[in-house]
Amino acid sequence: SLLGMTCDNTFKTIAERNKVDVHGKTIEFANNYGNLYYQLGITGSIYAIGLISDSKKLRNTARLTVESFIVSGLITTVLKSIIGRARPYAKEGNQSYHWFQTNDAYLSFPSGHSTIAFAASTVFANQLDTWWGDILFYGLASGTAYARMHKDAHWFSDILLGGGIGYLSAKAILQAHNEHQKDSQSNRFIPILTPTS
C-alpha cells in the first residue's frame, strides 16, 4: 500500500479523465456492490434460498460471507478512525492525516467499500469454484474499487489496502472453515468390528 501511495495522483488523474466516458448506472452498480447494506441484502437472500432449497452450501456461503464482513470490517473501521486520512474531495492531497477521526471527510484509508467487495467476492468465488466465477466476482470487486476513485472518495492506495484486507480476511475465514470441517470428519465415530472369543 505504501507503494500504491506513489501512484495515487496518477490514478486520480486517470479516473478524472474517464469521468465523461464512465458514468451513470454502471458506476452506481459497481459502487453499490461494495455497500455493506447492499451486500447484507444479497447475503440474506442467499441464506433464505438455502433454507427454502435445503442447501447447506448456500447457507454456509452466507455465514462465511457475514463472518468475513465482521473481521475485515472491524480491521478497516479501526484503521480508518485512527489514521484519519483526508479523502481526495477534501482537496488536501494524499499526505494529509488527522489522527483519531469520526469526520467522514477524513476516513479515507483504507476503503471500506473495497474491503466489503473483495471479502464478498473472495467467498463467492471460492464457493462457486470455477474460472468464470473468479473473473465475474473479482471483476465486480475491482469495479467497486474503481468506482470509489471515480467518485473522488478514495485514493488508489486506499482501495489497494481495503481490497487486501477484504481478500485476506475472507481467505482466513475460509481456511478456518475448511480445517474445522476436516477435524469434524476425522473425529467422527467409526465403529470397529473385532472378532469375539
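The exercises below, each with a worked solution, concern a predicted model.

**Exercise 1. Find out whether Thr 61 is buried or exposed, and describe its surroundings.**

Begin with the position of Thr 61, which is found in helix H5, the run of residues 56–83. Next, take its relative accessibility, which is 7%; because buried means under 20%, Thr 61 counts as buried. Then look at the polar side of the residue, where a polar atom of the Thr 61 side chain lies 2.8 Å from the backbone oxygen of Lys 57. Finally, set aside the neighbours within four places in sequence, and the contacts of Thr 61 that remain are Ile 46, Val 123, Phe 124 and Gln 127.

**Exercise 2. Compare the span of helix H4 with the expected one, and work out where its buried residues lie.**

Start with the length: helix H4 covers residues 36–52, and because its 17 residues should span 24 Å at 1.5 Å a residue, the 24 Å between its end C-alpha atoms agrees with the expectation. The next step is to list the buried residues of H4, which are Gln 39, Thr 43, Ile 46 and Gly 50. Seen down the helix axis, these buried residues fall within an arc of 55°, so they line one face of H4. On the other side of H4, the exposed residues are Tyr 37, Leu 51 and Ile 52. As for partners, the buried residues of H4 pack against helix H3 (25–33), H5 and H6.

Turn last to the two ends. At the start of H4, the backbone nitrogen of Tyr 37 has a side-chain oxygen of Asn 35 within 2.8 Å, while H4 is followed by Asp 54, with a positive phi near 55°.

**Exercise 3. Describe the span and the covering of helix H6.**

First, note that H6 takes in residues 112–128, and that its 17 residues reach 24 Å from first to last C-alpha, close to the 24 Å expected at 1.5 Å a residue. Second, consider burial: 14 of the 17 residues of H6 are buried, and the helix is thus mostly covered. Third, look just beyond the helix, where Asp 129 follows H6 and has a positive phi, near 55°.

**Exercise 4. State how many cavities of 30 Å³ or more the structure holds, and which residues line the largest.**

The structure holds one cavity of 30 Å³ or more, and the volume of the largest cavity is about 40 Å³. Its lining is made up of Asp 8, Phe 11, Lys 12, Pro 88, Met 149, His 154, Trp 155 and Phe 156. To close, ask which element gives the most to this lining: helix H2 (residues 8–17) does, with three residues.

Conventions
Residues numbered from 1 in each chain as written. Predicted model: local features only at pLDDT ≥ 70, side-chain atom pairs only at ≥ 80, totals over all residues. Heavy atoms only, no water. Helix = DSSP H or I, 4+ residues; strand = E, 2+ residues; numbered from the N terminus. Buried < 20%, exposed > 50% of the residue type's maximum accessible area, 1.4 Å probe, protein only. Polar contact = N/O pair within 3.5 Å; in protein donor to acceptor, adjacent residues only side chain to side chain. Contact = heavy atoms within 4.5 Å. Expected span 1.5 Å × (residues − 1). Arc of directions from axis to C-beta. 1 Å grid on protein atoms, 1.4 Å probe; cavity = no way out; pocket = protein on both sides within 12 Å on 5 of 7 lines; lining within 4 Å. Points joined across faces, edges and corners; volume = space filled by probe spheres on them.
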